[in-house]
Every structure is written in structure tokens, then in C-alpha cells.
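Hi,

Here is the structure I promised to pass on. Have a look, and my notes follow below.

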Amino acid sequence: MFKGLVGIVTGGASGLGKATVEQLLKQGGRVVICDLPSSPGADVAKQFGNDTAFVPVDVTSEQDIRNALQTTVDKFGRLDVAVNCAGIATASRIYNFKKEQPFDLKSFQKTIEVNLVGTFNVIRLVAGLIGKNAPNADGQRGVIINTASIAAFDGQIGQAAYSASKAGVVGMTLPVARDLAKQGIRVVTIAPGLFRTPMMDQLPEPAIKQLESSVPFPSRLGQPEEYALLVQSIIQNPMINGETIRLDGSLRMQP
Ligand SMILES: NC(=O)C1=CN([C@@H]2O[C@H](COP(=O)(O)OP(=O)(O)OC[C@H]3O[C@@H](n4cnc5c(N)ncnc54)[C@H](O)[C@@H]3O)[C@@H](O)[C@H]2O)C=CC1
Ligand SMILES: C[C@]12CC(=O)[C@H]3[C@@H](CCC4=CC(=O)CC[C@@]43C)[C@@H]1CC[C@@H]2C(=O)C=O
């Protein structure tokens, strides 16, 4: 289905990103996995075979992303799709009244830097390369897909930094889609609910069970493959643009 399509996936060594890499490959695409040097990205690329490459990147670095784009062109000749999955989850209350300690500013800045600035950095750089493609019959040159979270809308206690970073991703989706419309590049954001990934596995099992029971239907964590299926759908459907799509089993998180 995606024969000839070339994608890059940030955060592609783990969780939602890794499932996306696998789905794009299954459909006949070729994929560059971008993830931290400390990630298992090299092993993941080896496991997936010759239609993948791993480039160690920090998404907040301009040079790292330029390197990744250069590798994409050298190895696969073009770029059609970029999927932003790289992200970190942090949690802290705004003020700890027992310890008389405010939210650590560095931690707030880091969360914004990776989740929001990192996503923006990738978008602004991939747009130039995707824009070089010849348009298809519909005028489309490619697609950029971002990952927010339902915490962008229903942020919980302790999620001020995480929610702000993800709300930023939601907020820039429409203006960036408008910026890139003339070039025929679509921009879409997915806001996942609760998915079974290494990020989620930081929580103890009883807490996960409790979270699962809070999802109306299906009352369980999402599988990373279900996220990847939405990525596939967004790529296939040229009318989806400038929108954030919740993928959450109708969960609305409690405070
Ligand atoms: N798992 C879940 O339930 C949900 C996840 N999300 C979001 O989905 C995205 C993917 O999350 P998961 O797959 O669950 O997490 P994960 O922890 O399994 O994967 C995240 C990947 O991002 C990479 N990464 C982190 N910082 C990076 C940086 N500065 N540069 C490059 N790569 C970096 C990590 O090395 C890791 O491989 C994240 O943005 C997360 O906030 C959103 C809602 C729910
Ligand atoms: C990010 C998200 C909600 C959270 O805040 C938690 C995170 C899993 C790891 C965590 C461990 C903690 O001890 C504090 C909370 C949290 C940072 C969750 C994974 C997915 C959740 C999300 O984005 C929901 O939309």
C-alpha cells in the first residue's frame, strides 16, 4: 500500500513510535528511526532489516535533525511522511507545601523543550525536504503527524508541564497546517489516551489497572498497533488536515 513511501519516525525505538515504524514497513514503506543515542534504536533497525536506518538524534537539536534528513536522502532518496513520537512524561505539583518547594523550573523547561520545541524543530526542518517532492494528482507532497496527549485537554494533578507541552502541540497544528497548505503538506496531531508502552510501564501495575477501568470502552489500555493504524489512516486520507484526533476510548481524565 505504501510502496515507495519514505518516512521518519522520532521516538521510533520504543512504544508508539516503534509500532508506527513496523506498520509503515508492513505496508511497503521505508523508514528512518530517529531516537536518542542511548535508545535501543540501532538494535530495532537491525531487527527490522534493510528498509530501515537508525539515526541517533535529540529532537531539540537542529544539527541532529539535519543529519537525519541527510541520511534519509542518502539512503532512500526522498521524504514523504514524518511522525513525531519522541516525548517525555514528567509529574510534579506546582508547589509542595510540606517541603515549601515550588515546581522545579528546570524540569518544566525540559518538558517543554523536548515535547513542544522538539516537535516544532522537527516540523520546521522536515517541511523543507517534503516540500521538494513533486505533488501528486491531488497536489499533495507529504504529511506530518504529531503526538500530543489527552492531557492537553484534561490535564491531571501534577501534569502542568506535560499538559502545557502537549497543548502547545495541539495549538500549533492548525497554524502550521495553514502555513504548509500551499505546498500540499498536511499536518495532523493525534492525542492518545492511555497506551501500553514503556512510558506507561513506569507506573505500578495496580495504578495501570485503575487507569484501565477508567476508560469507558474499550476498558483497557490502547495497544501501540492501534495508534499505528491511525497513523496509516491519516496518511491514506487526504482530507484529514489541521486537526487533532483523540484516540482514547472516550476517556476524559479525572483531576
Ligand atoms: N503511552 C501513552 O499512554 C501516551 C503517550 N503519549 C505520547 O506519545 C509519545 C510516545 O510515547 P510512548 O511511546 O508511550 O513512550 P516511550 O517512552 O515508549 O517512547 C518515547 C521515545 O522517545 C524518545 N525520546 C525521548 N526524548 C527524546 C529526545 N529528546 N530526542 C529523541 N528521542 C527522544 C525515547 O528515547 C523513547 O524511545 C510521547 O510523546 C508521549 O508523550 C501521549 C499520550 C499517551
Ligand atoms: C503521560 C501519562 C500521564 C502521566 O502523567 C504519567 C505517565 C506514565 C508515567 C508517569 C509516572 C508517574 O509516576 C507520574 C505520572 C506519569 C508521568 C502517563 C503515560 C501516558 C499518560 C498520558 O499522556 C495520558 O494521556
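**Ligand 1 and its surroundings**

The side chain of serine 14 has an N or O atom 2.5 Å from an oxygen atom of ligand 1. Taken alone, ligand 1 exposes 830 Å², and the protein buries 91% of that (Shrake-Rupley areas, 1.4 Å probe). Before going on: this is a predicted model, where local features need pLDDT of at least 70, side-chain atom pairs count only at pLDDT 80 or more, and totals for chains, interfaces and linings use all residues. Residues are numbered from 1 along each chain as written, chains are lettered from A and ligands numbered from 1 in the order written, and side-chain values use heavy atoms, without hydrogens or water.

Two other side chains reach ligand 1: aspartate 58 has an N or O atom 3.1 Å from a ligand nitrogen, and lysine 166 has a polar atom 2.8 Å from a ligand oxygen. Helix H1 (15-26) and helix H5 (160-180) are the elements that give two or more residues to the shell around ligand 1 (helices are DSSP runs of H or I, at least four residues, numbered from the N terminus).

**Arginine 124**

Away from the ligand notes, arginine 124 is found in helix H4 (residues 105-130). Its side chain makes polar contacts (N or O pairs within 3.5 Å, one able to donate a hydrogen and the other to accept it) with the side chains of glutamate 62 (2.9 Å) and asparagine 121 (2.9 Å). Arginine 124 and glutamate 62 are 62 residues apart along the chain, with their C-alpha atoms separated by 9.8 Å.

Cheers
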